[in-house]
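Take a look at the model below. Keep it in view as you read, and turn it whenever a new residue is named.

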Amino acid sequence: MEKIKSKIYSIVVSLMYFFRQGIYLLNPTNGYFLVGNLDAFYLFAPMYLFNKFKELKDKKEKLKDIKISKPTKVLIVCSVLYVIVQIILVPNVNILRVMINMAKIIVCYFVMKYIKEYYNKFDISFICKAFSIICGVLLLAAIVLPNSPLWRHNDIINKYDLNRLQFLYTEPSELGLHAMPIILVYIFMMLNTKSFNKAVSYIMYTFPIIVALLYAKPLGAIGIGAISVAVLCVADLIINFSKKKLKIYLVLILIGVILLGGLALTKSSIYLRIMDTFNGKDMSNSYRITVPFTVATKSIMDTYGIGIGLGNAELESNVEKYGYLGLEKEGVINSYMNLIAEGGIFGIVLSAIVIASILKKSVEDNSSIKIALSVFIIIYQFMGTYFTNPLCWIIYGIILSDFDFKKKEENWTF
């Protein structure tokens with residue numbers, strides 16, 4: 001019975017992982033609002049509380065016997081106090097936005113807690129395999145239907161590729177964010193399996209995802225993913241050193257150099273965007289990197305460290321105030337810098353705690369895949385997405401959990 005429940009749960013989570021942003025298509029005008037506030041992954045928070053109350057009931061204990069962890073108490077108390085501070089001291093602040101955004105941070109914290117404590121409820125190998133299969137099916141559909149919503153059409157921000165694959169995500173970069181952690185897991189499994197057949201299976205399941213990324217061309221995800229793969233290989237070599245692995249990695253480095261050379265010689269759009277990024281000519285990456293850092297720095301100075309108000313960066317008054325720095329109505333599209341610009345000292349401290357915690361756990365577990373996932377999500381959040389994206393907190397939860405990827409690999413069926 002438990003295996004059946006686990007399988008059903010894994011199927012549901014797999015569908016949520018791939019189609020969680022499909023709600024955007026219901027009303028594209030307000031699509032980002034719907035995706036940001038009606039994310040299915042937020043449901044993990046009430047599920048965490050439900051499980052805790054169920055455990056309490058099973059132990060025949062009362063509500064007053066609930067033991068709240070110190071980090072949870074600190075987060076909730078500090079959150080409430082900081083909301084009050086911003087409401088009182090930040091001029092023209094939108095109180096409702098502040099309260100909603102702080103509530104979403106707390107919800108995301110419980111999403112992370114759920115994954116951290118109940119990771120055994122779902123089968124990560126099944127989720128990875130399901131993602132690959134769905135990716136392959138939709139990839140074929142997208143090729144057959146080039147004018148469908150599976151593509152992002154007339155993407156004028158990316159001048160080299162006006163039509164890019166995005167499936168049912170809000171944009172190609174979101175496809176990259178979802179795909180790269182799966183690829184990292186597959187690569188880790190390939191490096192650690194003792195079965196040749198399994199290694200071949202991992203390669204086959206990785207193939208449709210890589211092809212999808214080539215059509216989507218999310219430069220940030222691909223670049224950060226490449227860095228993360230390099231970190232994964234170096235960490236794995238250090239943790240599990242052998243002359244055989246060293247030779248394999250030298251061959252991989254050679255292949256990587258050849259691929260980069262090929263991109264440069266063929267003047268690939270990815271290569272051209274990389275050059276534009278270094279020269280400050282890529283509008284998308286400039287708005288994700290340069291603008292957030294300058295706006296965050298200036299807002300911290302203007303508010304004496306209090307921040308402009310959680311959820312308030314997109315307000316017309318703030319867009320006008322920091323418009324000369326490049327801020328537009330989309331707000332600060334950079335997870336950590338957005339939190340810092342809006343949350344001031346609170347944002348700085350919370351970001352630092354998150355980053356330090358996942359890096360510390362990764363090193364303590366001596367896990368190359370957790371180190372690689374930490375590097376990926378940290379760098380990615382310094383370039384895009386939003387702090388209350390529950391997917392980021394799910395990755396935090398996996399890293400902070402006691403899940404042993406290497407031990408589980410032996411039982412993975414592919």
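Contacts in the protein chain often join distant parts of the sequence. Among contacts between residues at least 6 apart in sequence, 75% join residues at least 24 apart. Keep in mind that this is a predicted model. The secondary structure of the protein chain comes to 17 helices and 2 strands.

Now consider the overall size. The C-alpha atoms of the protein chain fill a box of roughly 60 × 60 × 45 Å, taken along the principal axes. The protein chain has a radius of gyration of 22 Å. A compact globule with 414 residues would have a value near 22 Å, so the two agree. Of the 414 residues, 50% count as buried.

Next, look for empty space inside. Rolling a probe the size of a water molecule over the atoms shows where such space is left. How many cavities of 30 Å³ or more are there? The count comes to 1 cavity. About 290 Å³ of space lies in the largest cavity. Four elements each give two or more residues to the lining of the largest cavity: α1 (2-19), α6 (124-144), α7 (172-192) and α16 (390-400). Which of the elements gives the most to this lining? It is α16, with 4 residues.

The lining of the largest cavity holds 18 residues. Nearest the centre of the cavity lie Tyr17, Ile127, Ile182, Ile394 and Ile398. What kinds of residue make up the lining: nonpolar, polar or charged? The lining divides into 18 nonpolar residues, no polar and no charged.

Stay with α7 for a moment. Pro181 lies in this helix. Its relative accessible area is 8%, which is under 20%, so Pro181 counts as buried. Which residues does Pro181 touch, leaving out those up to four places away in sequence? They are Tyr17, Gly176, Leu373, Phe376 and Ile395. Take Ile395 from that list. Pro181 and Ile395 are 214 residues apart along the chain, yet their C-alpha atoms are separated by 8.6 Å.

Move on past the end of α7. Thr193 has its place in the loop between α7 and α8 (196-216). Is Thr193 buried or exposed? Thr193 is buried, because its relative accessible area is 14%, under the 20% limit. The side chain of Thr193 reaches the backbone nitrogen of Ser195, at 3.2 Å.

On the other side of α7 is another loop to visit. Phe167 lies in the loop between β2 (164-165) and α7. Phe167 is buried, with a relative accessible area of 1%. Its phi is near 55°, a positive value in a residue other than glycine.

Compare Asn92. Phi of Asn92 is near 55°, again a positive value in a residue other than glycine. Asn92 lies in the loop between α4 (70-89) and α5 (95-118). Here the relative accessibility is 70%, so Asn92 counts as exposed.

Now find helix α12 (residues 283-302), where Ser299 lies. Ser299 is buried, because its relative accessible area is 0%. What does Ser299 touch, not counting residues up to four places away in sequence? Ser299 touches Ile308, Tyr322 and Ala341. A polar atom of the Ser299 side chain lies 3.5 Å from the backbone oxygen of Ala341.

Two residues remain on this walk. Lys321 has its place in helix α13. With a relative accessible area of 44%, Lys321 is partly exposed. That value falls between the 20% and 50% limits, so neither of the other words applies. Lys321 and Lys267 are 54 residues apart along the chain, and their C-alpha atoms are separated by 39 Å.

Last comes Tyr324, found in the loop between α13 (316-321) and α14 (335-364). Tyr324 counts as exposed, because its relative accessibility is 57%, over the 50% limit. The C-alpha atoms of Tyr324 and Val295 are separated by 9.7 Å. Along the chain, Tyr324 and Val295 are 29 residues apart.

Technical notes. Residues are numbered from 1 along each chain as its sequence is written. This is a predicted model: local features need pLDDT of at least 70, side-chain atom pairs count only at pLDDT 80 or more; totals for chains, interfaces and linings use all residues. Side-chain values use heavy atoms; hydrogens and water are left out. Buried means under 20% relative accessible area, exposed over 50%, partly exposed in between (1.4 Å probe, protein chains only). On a 1 Å grid over the protein atoms alone, a cavity is a set of points where a 1.4 Å probe fits but cannot get out, and a pocket is an open set with protein on both sides within 12 Å along at least five of seven lines; lining residues have an atom within 4 Å of a point. Grid points are joined across faces, edges and corners, and a volume is the space filled by probe spheres set on the points. Ala, Val, Leu, Ile, Met, Phe, Trp, Tyr, Cys and Pro count as nonpolar, Asp, Glu, Lys and Arg as charged, and the others, Gly among them, as polar. A polar contact is a pair of N or O atoms within 3.5 Å; within protein, one must be able to donate a hydrogen and the other to accept it, and residues adjacent in sequence count only if both atoms are side-chain atoms. The radius of gyration is taken over C-alpha atoms; the globule rule is 2.2 Å times the number of residues to the power 0.38. Contact means heavy atoms within 4.5 Å.
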